[in-house]
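Subject: Structure for you to look at

Hello,

Here is the structure I promised to pass on. Please open it first, then read my notes below.

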Amino acid sequence: MCGIIGYVGRRSSPPILLEGLRRLEYRGYDSSGLCVQTPAGLGIRKKVGRIDAGLARECAARPVEGTLGIAHTRWATHGAPSDENSHPHLDQEGRVAVVHNGVIENYQSIRDRLSAAGHVFHSETDTEVLAHLIGVHYAQVRAREATRDLHPLAAAVMSALREVIGTYGIAVMASDAPGVMVGARRGSPLILGVGDHENFIASDASAIVAHTQQAVYLNDYDVITVTADDFKLANLGSDTAQAQIRQIEFSPDAAEKGDFPHYMLKEIFEQPRTIENALRGRIDREELSARFGGLNLSLAELRAIDRVVIVACGTSWHAGLVGEYLFEEFAHLPTEVEYASEFRYRNAPIEKHTLVLAITQSGETADTLAGLRESRRRGHKVLALCNVVGSTIAREADGGIYLHAGPEIGVASTKAFTAQVSVLVLLALLMGRTRMLSAQRGAQIIKALEALPAQVESILARDAEIKRIALKYAAAEDFFFLGRQYQFPVALEGALKLKEISYIHAEGYPAAEMKHGPIAMIDDRTPTVFLVPQDALYEKTLANVAEIKARKGPVIAIATEGDTEIRRKVEDVIEIPATLEPLVPLLAVIPLQLLAYHIAVARGCDVDKPRNLAKSVTVE
């Protein structure tokens, strides 16, 4: 969940490191730091707080210069945010520097052992313990010289990591290893960026895409030794390791805000193109179905599936809930949606012909990855819906579908949700057409899908109207979001968005469940956002609206264009175009994202970097 960047080459490293950290700040922003190899030794600068207010000022006040360096932006796990707990951390001799993303589970026993041997620790972090451990092995390796044709620093890293239990993505350098840095990963993403007489290590391609479009995505237990002109890959569990250079699929401009004040707003407004990209090349008009290139499943295998289990976290879990309705309606497939964090520890009975579907934006979510691995261990086919080419989940799944949503920098996910739901509609359409879904229904779904980008544009054109409504309710401290059937997952997602970025307490419920307890919370200071499209349950949802109004609760309705009845019953209405009922979530979620955004901005919140959150949860 932290951000790592390392550089070795011929240019000055601090500006490159600082620029990379700014691009990675969405992964963690409690503190940041860098270490540069200088003729006088290791030059370390680190500071609590945001990069520009902390580390950048520290580097301006106390410049450091060198052509090799590593840097880190932190999301705290072990130890509170502070200068002392900021990375990089040094070993006992001050010779080895380490930056780390992940959790060393057995750090306390290692720390106790090293303390008994005279080591002095200056932070509360597990990372400093790892730095000391690498330092111990580095001294031992140098005393007996390198083995297996490894650089001494790489050999020390490998020896130390064999003692470690947990997850890590690390970059390591040493004062007496000129022009050399070492990276390693297990359960936490790390890539090598391959440049021209310069190379990079990073936890995310967005940190290096301005400098190179060539990357090597490290596998678990890989250890890579990097110089300006070369790199060498080894693996802790194998005598052979292969490096495959891949093209980074997005441009530097895609990771910039452009003219928007926040990444989140930019990404909300990108959603017409997001849906287009998710659909492009995947609609089969001849068969009135969908087609995918990477499922690695034949039609016979698809027909043999008799159950679907979806594993995901957060916003991806909400998308999975929409998928549950889709698979059951289109394909009559029993479907369950599991929190990946719970699924990985349950001994859930899963029948032989079950398809496990892992949904993730980053492709690195620790719990979802663990669920994927457990499912494959049991012999089940696993497909992944993922946005990041080369990510661990994308590589380890039996097959999958890329979202093609482009980089999502805002911590609160927006366009990834619409991409995931778009792809789930297509996959459910394919599964349905292999079973019992009629050609006529397939044609209706395809026509409605193709109309979505323009319909989303029409909702975005109402941004000023949505902002006005948002400002009306920005002082509220509690919200409810209610919907039925397909709209229930959207209600959950709307509540999550508001919580994430405005810090307002918000709850999502099936509309009819309010009377079973939560309605006790309703008063004239508690707004309710009702998803009330003109669908099969429209009249019943209106009855639920009346229950809230009878308790003097203010209501914001997300309603179908031209619905005059709802306007007579509620304070505020945001209209969305009419579409097929299964596709309404793709339209209804847009005003909820904008509502949360404008409320958060009005309350003075940092919508791109909300407190206590990081973009990619790669630790348990």
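**Sheet with strands 17 to 21**

V311 has E338 as its bridge partner in strand 18. A caveat before going further: this is a predicted model.

The bridge belongs to the pairing of strand 17 (residues 307–312) with strand 18, which is parallel and runs over 5 bridges. Both strands sit in an open sheet of 5 strands. Its order is 18-17-19-20-21, and the pairing is parallel. Strand 18 (335–339) and strand 21 (399–402) are at the edges. Each has a single partner strand, so one side of each has no neighbour in the sheet. Neighbouring strands are turned by 20° against each other on average, direction ignored.

Two helices to look at here:

- Helix 11 (residues 366–377) packs on the sheet and touches strand 17, strand 19 (354–360) and strand 20 (381–386). Its direction makes about 160° with that of strand 19.
- Helix 13 (residues 415–433) lies across strand 19, strand 20 and strand 21. It runs at about 165° to strand 19.

**Sheet with strands 22 to 26**

There is another open sheet of 5 strands, with the order 23-22-24-25-26 and parallel pairing. Strand 23 and strand 26 (572–576) are its edge strands, and each pairs on one side only. The twist averages 20° from one strand to the next.

Strand 25 (residues 555–560) pairs with strand 26 in the parallel sense, over 5 bridges. Within strand 26, I574 stands opposite I558.

Helices lie across this sheet too:

- Helix 17 (residues 538–549) crosses strand 22, strand 24 and strand 25, at about 165° to strand 24.
- Helix 19 lies across strand 22, strand 24, strand 25 and strand 26. Its angle to strand 26 is about 135°.

**Cores**

Which residues have the most contacts inside the largest nonpolar core? They are F327, L357, L427, M431, F479 and F481, in a core of 96 residues. Helix 19 (residues 584–602) gives the most to this core, with 13 residues.

L357 is worth displaying with its contacts. Leaving out residues up to four places away in sequence, L357 touches V309, I310, V311, F327, L383, L385, L424 and L427. Another core, of 35 residues, lies apart from the largest one. Its members include V129, L133, M158 and Y168.

**Rings**

The structure holds 6 aromatic pairs. One of them is F480 with Y509: the ring centres are 6.1 Å apart and the planes stand at 45°, so the pair is tilted. F480 lies in strand 22 (residues 478–483) and Y509 in strand 23 (residues 505–510), so the pair ties together parts 29 residues apart in sequence.

Are the two partners buried or exposed? F480 counts as buried, because its relative accessibility is 5% and the limit for buried is under 20%. Y509 is partly exposed, at 27% relative accessible area.

Look also at R611. Its charged end sits over the ring of Y503, 3.9 Å from the ring centre.

**Loops and backbone**

D524 is in the loop between strand 23 and strand 24 (528–532). D524 is exposed, with a relative accessible area of 54%. It touches K552 and P554, not counting residues up to four places away in sequence. The C-alpha atoms of D524 and K552 are separated by 5.1 Å, although the two residues are 28 apart along the chain.

Where is the cis peptide bond that has omega of about 5°? It joins H87 and P88. P88 is in the loop between strand 4 (68–74) and strand 5 (89–90).

Two residues other than glycine have a positive phi:

- L288 has phi of about 50°. It is in the loop between strand 15 (283–284) and strand 16 (289–290), and is partly exposed, with a relative accessible area of 23%.
- H332 has phi near 55°. It is in the loop between helix 9 (314–331) and strand 18. H332 is exposed, at 54% relative accessible area.

Best wishes

Definitions and conventions: Residues are numbered from 1 along each chain as its sequence is written. This is a predicted model: local features need pLDDT of at least 70, side-chain atom pairs count only at pLDDT 80 or more; totals for chains, interfaces and linings use all residues. Side-chain values use heavy atoms; hydrogens and water are left out. A nonpolar core is a set of buried Ala, Val, Leu, Ile, Met, Phe, Trp, Tyr and Cys residues joined through side-chain atoms within 4.5 Å. Buried means under 20% relative accessible area, exposed over 50%, partly exposed in between (1.4 Å probe, protein chains only). Helices (H or I, at least four residues) and strands (E, at least two) are DSSP runs, numbered from the N terminus. Contact means heavy atoms within 4.5 Å. Two strands pair if DSSP finds at least two bridges between them. Axes are lines fitted to C-alpha atoms, for helices over the stretch in contact, and angles run from 0 to 180 degrees between N-to-C directions. Rings of Phe, Tyr and Trp (its six-membered ring) pair if their centres lie within 6.5 Å; planes under 30 degrees apart count as stacked, over 60 as edge-to-face and the rest as tilted. A charge sits over a ring if NZ of Lys or CZ of Arg is within 6 Å of the ring centre and within 35 degrees of the ring normal.
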